[in-house]
Amino acid sequence: YYLQENTESYNSYNYSFNGWGMHHMLARLEHKDLSKEVKEKDGIGVYIFIWAHIRRAIGDMRIYTGWGHTMPYYYLNNGEVVRNGNFANGRWLTSKTYEYLDRSYLWDYFGANLPTDTREDHMILAAEIIKKAKETYTQQFGNDKFYVVIHPTDWEEFTPEKNQQFKNILKERGIECLDYSQTLPQEKEFLLVGDGHPNEKSDENFAKMLVKDLGLK
């Protein structure tokens, strides 16, 4: 909404959904040619990334046993991104193990999760999924104007060092990135009460920064 409000030459299309991640972006692009719905061809693709998206893409134990059991399951096979159904039916042993551990009182009491940390190989998988999504976008729309925008988030694993590591991995794959992780304010007045997600004030600031940095008019 705010992006549209601050531009005169572009129409905005929102393909996001609650709880999704980069693996949903790729699945949607693979499922349907979005250029059939978007009339304008000389546009820009923007993927808004938060750090929790990496955990969603790997289907960690908390994500899987929470809301992610039917999320699309992608993995790397000799460096190529391959899909095998969803997390429930595509990686049976791992998912069944997560289900079993989730029934444990101790695991729940201590808030334990698997994998215990976001590793470099997880970042590489996430970056390769984004790369394939960018390539699919380019095939559909005939341009490679595709950006990853890192949105700030209150996430316990986030560190400037890990953030830079992920940006380097994206850069190695030719993916352009705008880093707002340390730029947008995260005070209470910019967050939804009792939720932690950005509110309309934050969204308006975000849209204005995006318009400026992408040179939209």
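## Exercises on a predicted model

L106 is exposed, with a relative accessible area of 53%. This is a predicted model: local features need pLDDT of at least 70, side-chain atom pairs count only at pLDDT 80 or more, and totals for chains, interfaces and linings use all residues. Residues are numbered from 1 along each chain as its sequence is written, and side-chain values use heavy atoms, with hydrogens and water left out.

**Exercise 1. Place L106 and find the surface patch that it helps to make.**

Solution.
- Fix the classes. Buried means under 20% relative accessible area, exposed over 50%, and partly exposed in between (1.4 Å probe, protein chains only).
- Locate the residue. L106 sits in helix α7, residues 105-109. Helices (H or I, at least four residues) and strands (E, at least two) are DSSP runs, numbered from the N terminus.
- Apply the patch rule. Members have over 30% relative accessible area and no salt bridge; like charges are joined within 9 Å, nonpolar side chains (Val, Leu, Ile, Met, Phe, Trp, Tyr) within 5 Å.
- Read off the result. Y105, L106, Y109 and F110 make a nonpolar patch of about 560 Å². Accessible areas come from the Shrake-Rupley method with a 1.4 Å probe; for residues, only the protein chains shown count as cover.

**Exercise 2. Describe the largest nonpolar core and the elements that build it.**

Solution.
- State the rule. A nonpolar core is a set of buried Ala, Val, Leu, Ile, Met, Phe, Trp, Tyr and Cys residues joined through side-chain atoms within 4.5 Å.
- Take the size. The largest core has 32 residues, and M22, F49, I130 and F166 have the most contacts inside it.
- List the contributors. Two or more residues come from each of α2 (22-31), β1 (45-49), α3 (52-58), α8 (120-141), β4 (146-150) and α9 (160-172).
- Rank them. α8 gives the most, with nine residues.
- Check for others. A second, separate core has 11 residues, including Y147, F206, M209 and L210.
- Set the context. In soluble globular proteins, nonpolar side chains tend to be buried together.

**Exercise 3. Work out the surroundings of M22 and I130.**

Solution.
- Define contact: heavy atoms within 4.5 Å.
- Start with M22. Residues up to four places away in sequence are not counted; M22 then touches Y47, F49, H53, I54, A57, A126, I129 and I130.
- Widen to the helix. Seven of the 10 residues of α2 are buried, so α2 is largely enclosed by the rest of the structure. The buried ones are M22, H23, H24, M25, L26, A27 and L29.
- Move to I130. I130 lies in helix α8. I130 is buried, at 0% relative accessible area.
- List its contacts under the sequence exclusion of up to four places: M22, M25, Y47, F146, V148, F166, L170 and I175.
- Compare sequence with space. I130 and I175 are 45 residues apart in sequence and 8.3 Å apart in space, C-alpha to C-alpha.

**Exercise 4. Which side chains of β1 are buried, and how does β1 pair with β4?**

Solution.
- Recall the pattern. In a regular strand the side chains alternate between the two faces of the sheet.
- Apply it. G45, Y47 and F49 point to one face and are buried; V46 and I48 point to the other and are not.
- Pair the strands. β1 and β4 run in the parallel sense over five bridges. Two strands pair if DSSP finds at least two bridges between them.
- Pick one bridge. V46 has Y147 in β4 as its partner.
- Step past β4. H151 is in the loop between β4 and α9. H151 is buried, at 9% relative accessible area.
- Add its contacts. Beyond four places in sequence, H151 meets I48, F49, I50, S181, L184, P198, S202 and F206.

**Exercise 5. How many salt bridges are there, and which parts of the chain does the D42 pair link?**

Solution.
- Define the pair. A side-chain nitrogen of Lys or Arg lies within 4 Å of a carboxyl oxygen of Asp or Glu.
- Count. The rule gives 12 salt bridges.
- Take D42 and K145. Their closest N and O atoms are 3.1 Å apart. D42 is in the loop between α2 and β1, K145 in the loop between α8 and β4; the pair links distant parts of the chain, 103 residues apart.
- Classify both ends. D42 is exposed at 56%, while K145 is partly exposed at 36%.
- Contrast E99 and K96. Their closest N and O atoms are 3.5 Å apart. Both lie in helix α6 (residues 92-102), three residues apart, about one turn of the helix.
- Finish with R173. R173 forms a salt bridge with E172, at 3.5 Å between the closest N and O atoms. Shared partners join E128, E172 and R173 into one network.
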